[in-house]
Amino acid sequence: MMTPQDVLALCRERGVKAVDMRFMDFPGLWQHFTIPVNKLELEIFEDGLGFDGSSIRGWQAINESDMLLLPEPASAIIDPFTALPTLSMICNIQDPITREDYSRDPRNVARKAVNYLKSTGVADTCFIGPEAEFFIFDDVRFDQAPNYGFFYLDSIEGEWNRGTDEGPNLGYKLRHKEGYFPVPPADQMMDIRNEMMQTMIDCGIDIEAQHHEVATAGQSEIDMRFSDLVTMADQMCLYKYIIKNVARKYGKTVTFMPKPLFSDNGSGMHTHISFWKEGRPLFAGNGYAGLSDEALYAIGGILRHAPAILAFACPTTNSYKRLVPGFEAPVNLAYSQRNRSAACRIPMYSPSPKAKRIEFRCPDPSSNPYLAFSALMMAALDGVQNKIHPGDPLDKDIYDLEPEELAKVPTTPGSLAESLDALAKDHEFLLRGDVFTQDVINTWIWYKKKNEVQALALRPHPYEFCLYYDI
């Protein structure tokens, strides 16, 4: 693991001229500022650098704005995109007076979650493996004003461009819901995804695969090998940074919005989770689908707390355009082996006990990974601690169930407002170990309702004109 001395040595070896300090704001966007390399001294790793916390979304008030930023030397990488040789590091946030880790720093929440897991004796490691999907578009335009509102997206792969004069149009447009695994030239994003994949590898991320996803118009996925919770959340930030900047290099744009297109699949982030202790996987056993009692209880905890989890794991109003009953998303709070229509799936690819894990299929990549992974872990841990059994599995195709049978299967919330209300009622499990403080819960609910739920409720939707203008 890299030390502060190693970071200074790396700067000398690679001719670094600038050092970029990065951290996550409350909703989930990476922030940064940069110092000349000659200002990076060993003392900074202990004493930190000051910045204005009141200018960061969801953080400090103006009268208590001073905050400290402390770089994490193990996170150091050479930035692959800057013209000036630049080293970047992920940072933790502290109060400059008390020197306590800042409770609203999302990375601090994740660090506390892992420490709490260890303190319980249930496990010492939580492994997380997200499958984040995204769209690569050629053009995006959107705006909202008192008298108009619109969005416009375009992609050379889009089915709607079959008749466009592209001088020449070469065809090979992907039909809706037929984008999964076609070879080039139908898959026109192969070279871009390869460069994204290789850049991630060069930055130290272990990549398992990349491929086109189901939707038309450049939907893609690049899979990282699982890692411990904090490391994976760090990597998720770098993952998004690399994908967006490689796309920009090609004159394209990327979005991690869950549902940018009507009538085609949205982008999810199926998240795999497992507990280990002393190098031994705890989720493998002789029960259903090769699961242990601990794994079944973890599923019970996830399903019981799923509506509250989704306040963090599906944290946008757009998330619930994807989570609609009867379509492709797993809105049914049930579990099953292999069945992708259940919210919790047990992958059956490998007989190895080390591969035994739970896949929670509801989350999407608009989430703040530190908060989403922590909430998921805390729910699974609550299930193990309180032996919450998930009931019988649902191995049928949920979409073919009779209405009276389907009515017995609970479903995910239908909106961000409903998820936030669920979190308001069910968050005691998140407060244990001071992982999510009451202030964090309250601030999250307030911020999301004020800035997103209410903001959307106040604005006319373009489709409302199609429905109602001639009334």
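Let's start with Pro-460, which sits in the loop between H12 and H13. Keep in mind that this is a predicted model. From that loop, the tour goes on to a hairpin, a surface patch, two helices and some unusual backbone spots.

**Around Pro-460**
- Pro-460 counts as partly exposed, because its relative accessibility is 48% and the partly exposed class runs from 20% to 50%.
- Setting aside residues up to four places away in sequence, Pro-460 touches Gln-144 and Phe-465.
- How far is Pro-460 from Gln-188? Their C-alpha atoms are separated by 36 Å, and the two residues are 272 apart along the chain.

**The hairpin that holds Gln-144**
- Gln-144, one of the contacts of Pro-460, has Gly-149 in S9 as its bridge partner.
- Strand S8 covers residues 139–145 and strand S9 covers residues 148–154; they run antiparallel, and 7 bridges join them.
- With 2 residues between them, S8 and S9 make a hairpin.

**Helix H13 and a nonpolar patch**
- Past the Pro-460 loop, helix H13 spans residues 462–468, and Tyr-463 is part of it.
- Tyr-463 also helps make a nonpolar surface patch of about 490 Å², together with Leu-467, Tyr-468 and Ile-471.

**Helix H10 and what covers it**
- Which residues of helix H10 (residues 416–425) are buried? They are Leu-416, Ser-419, Leu-420, Ala-422 and Leu-423.
- Look down the axis of H10 and those buried residues fall within an arc of 155 degrees, so they line one face of the helix.
- The cover over them includes helix H6 (293–313), helix H7 (319–322), helix H11 (428–431) and helix H12 (438–457).

**Gly-301 in helix H6**
- H6, part of the cover for H10, is also where you'll find Gly-301.
- Buried or exposed? Gly-301 is buried, because its relative accessible area is 0% and the buried class is anything under 20%.
- Leave out neighbours within four places in sequence, and Gly-301 is in contact with Ala-379, Gly-383 and Ile-388.
- Gly-301 and Lys-387 are 86 residues apart along the chain, yet their C-alpha atoms are separated by 8.4 Å.

**Cis peptide bonds**
- Most peptide bonds are trans, and most residues other than glycine have a negative phi. The spots below and in the next group are worth a look with that in mind.
- Gly-167 and Pro-168 are joined by a cis peptide bond with omega at about 0 degrees.
- Pro-168 belongs to the loop between S9 and helix H4 (190–202).
- Going from Pro-184 to Pro-185, the peptide bond is cis as well, with omega near 10 degrees.
- Pro-185, too, is in the loop between S9 and H4.

**Positive phi outside glycine**
- Ala-217 isn't a glycine, but its phi is positive, at about 65 degrees.
- You'll find Ala-217 in the loop between strand S10 (207–212) and strand S11 (219–224).
- Despite being in a loop, Ala-217 counts as buried, with 0% relative accessibility.
- Ser-263 is another residue other than glycine with a positive phi, here near 75 degrees.
- The loop that holds Ser-263 runs between strand S13 (253–255) and strand S14 (269–277).
- Which class does Ser-263 fall into? Ser-263 is partly exposed, because its relative accessible area is 38% and partly exposed lies between 20% and 50%.

Technical notes
Residues numbered from 1 in each chain as written. Predicted model: local features only at pLDDT ≥ 70, side-chain atom pairs only at ≥ 80, totals over all residues. Heavy atoms only, no water. Buried < 20%, exposed > 50% of the residue type's maximum accessible area, 1.4 Å probe, protein only. Helix = DSSP H or I, 4+ residues; strand = E, 2+ residues; numbered from the N terminus. Arc of directions from axis to C-beta. Contact = heavy atoms within 4.5 Å. Patch = residues over 30% accessible without salt bridge, like charges linked within 9 Å, V, L, I, M, F, W, Y side chains within 5 Å. Areas by Shrake-Rupley, 256 points an atom, 1.4 Å probe, with all protein chains shown as cover. Salt bridge = Lys/Arg side-chain N within 4 Å of Asp/Glu carboxyl O. Pairing = 2+ DSSP bridges.
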